[in-house]
Amino acid sequence: MMSNYPSDFQNQQKVCILSRPLARYCLNFTQSNLIPFAVYFSVRHCIPATWLNDRDQFLYPNEEWQKDSTFQNDCLAFTLFHGQNRITSKEGVNHFIPFSEKEVKAKEAFESHFMHKFIKGKIKRDSKTQEKIEAKGKQGGFKNEDLYIIKPLIPTKPLEFSEEAQEVFKAGLELWKYYHSQEFKDSKTYNPNASLYDIKAYFQGFSDKGKMNPPQKAQDSYYKDLIGTLNAALKDLAKRIEPKVYEYGFLRE
């Protein structure tokens, strides 16, 4: 699910990806709307909120973003590794693992390979379902969960990423590999389906109030280096995405 709060910077930190829905303001991810939702998420988070832009409104964009596959793919990379991606395998199947078991040297098989297959262009389109969706759209009968699926952006070949996005994947892979290389006490402690949030929780722990500790409080110095590298790569990717936010009309300068 993605929380969908009002479209201004003062609500920016409420926009997140969750395994379970909130009471309201949530939309379902599907294979057909994954790319548009990743674009939406990245546009909301690639520019830091300040007192100067606090009331700036995000707008309905022009159609040019739909022709820019590199922009779309970069937004997917940004979404997968951003801190507001709070998916946890403790609340359901984690479909957002961007790597294979072999790449991260996992000790057990993953429950879902969706994201890795999506990135590799190996997700099969359901043509019959799509025909029903298009017919429903022409009749004007859409609900919230149907948004952005008339024109599905499901890749049929491996996605191509910018250099900045590739660096994010590289840093993320090292983080996943380091988690799976740990010596766990037993099978219950080890989580083969660990998400980015789960990995952070493992190394950073939680405060007495149940809030995840900041990376600085992690006991493992190598982990702190890895998460620092990932966050730096994300900032570089955000700078690449930012000009497109204005070019495609999500914001006005």
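**Exercise 1. State the area that the protein chain exposes and the share supplied by carbon and sulfur atoms.**

Solution. The protein chain exposes about 14,500 Å², and carbon and sulfur atoms supply 49% of that area. The structure is a predicted model. As a further step, consider burial: of the 253 residues in the protein chain, 48% are buried.

**Exercise 2. Describe the order of elements in the protein chain and the sequence range of its contacts.**

Solution. Begin with the inventory, which comprises two strands and eight helices. Reading from the N terminus, the order is β-β-α-α-α-α-α-α-α-α. Next, take the contacts with a separation of 6 or more: 70% of them join residues 24 or more positions apart.

**Exercise 3. Identify the residues with the most contacts inside the largest nonpolar core, and the helix that gives the most to this core.**

Solution. The largest nonpolar core contains 67 residues. Within this core, Phe71, Leu76, Phe81, Phe118 and Leu230 have the most contacts. At least two core residues come from each of the helices H1 (34-45), H2 (69-81), H4 (114-119), H6 (163-180), H7 (196-204) and H8 (221-247). Helix H8 gives the most, with ten residues. In soluble globular proteins, nonpolar side chains tend to be buried together.

**Exercise 4. Determine which residues Phe81 touches, leaving aside those up to four places away in sequence, and classify its ring pair with Trp176.**

Solution. First, list the neighbours: Phe81 touches Pro98, Phe99, Val168, Phe169, Gly172, Trp176, Leu196, Leu230 and Leu234. One of these, Leu230, is also among the core residues with the most contacts.

Second, turn to the rings. The whole structure holds 21 aromatic pairs. For Phe81 and Trp176, the ring centres lie 6.0 Å apart and the planes stand at 90°, so the pair is edge-to-face; the cut-off for that class is over 60 degrees.

Third, locate the partners. Phe81 belongs to helix H2 and Trp176 to helix H6, and the pair links distant parts of the chain, 95 residues apart. Phe81 and Trp176 are both buried.

**Exercise 5. Characterise the aromatic pair of Tyr179 and Phe184, then place both residues in their cluster.**

Solution. The rings of Tyr179 and Phe184 are 5.3 Å apart, centre to centre, with 65° between the planes, and the pair is edge-to-face. Both residues, Tyr179 and Phe184, are buried. Ring pairs join them in a cluster with Tyr178, Tyr190, Tyr202, Phe203, Tyr222 and Tyr223. One member of this cluster, Tyr190, has Lys107 over its face, at 5.0 Å from the ring centre.

Notes
Residues numbered from 1 in each chain as written. Predicted model: local features only at pLDDT ≥ 70, side-chain atom pairs only at ≥ 80, totals over all residues. Heavy atoms only, no water. Helix = DSSP H or I, 4+ residues; strand = E, 2+ residues; numbered from the N terminus. Buried < 20%, exposed > 50% of the residue type's maximum accessible area, 1.4 Å probe, protein only. Contact = heavy atoms within 4.5 Å. Areas by Shrake-Rupley, 256 points an atom, 1.4 Å probe, with all protein chains shown as cover. Core = buried A, V, L, I, M, F, W, Y, C linked by side-chain atoms within 4.5 Å. Phe/Tyr/Trp six-rings, centres within 6.5 Å; stacked < 30°, edge-to-face > 60°. Lys NZ or Arg CZ within 6 Å of the ring centre and 35° of its normal.
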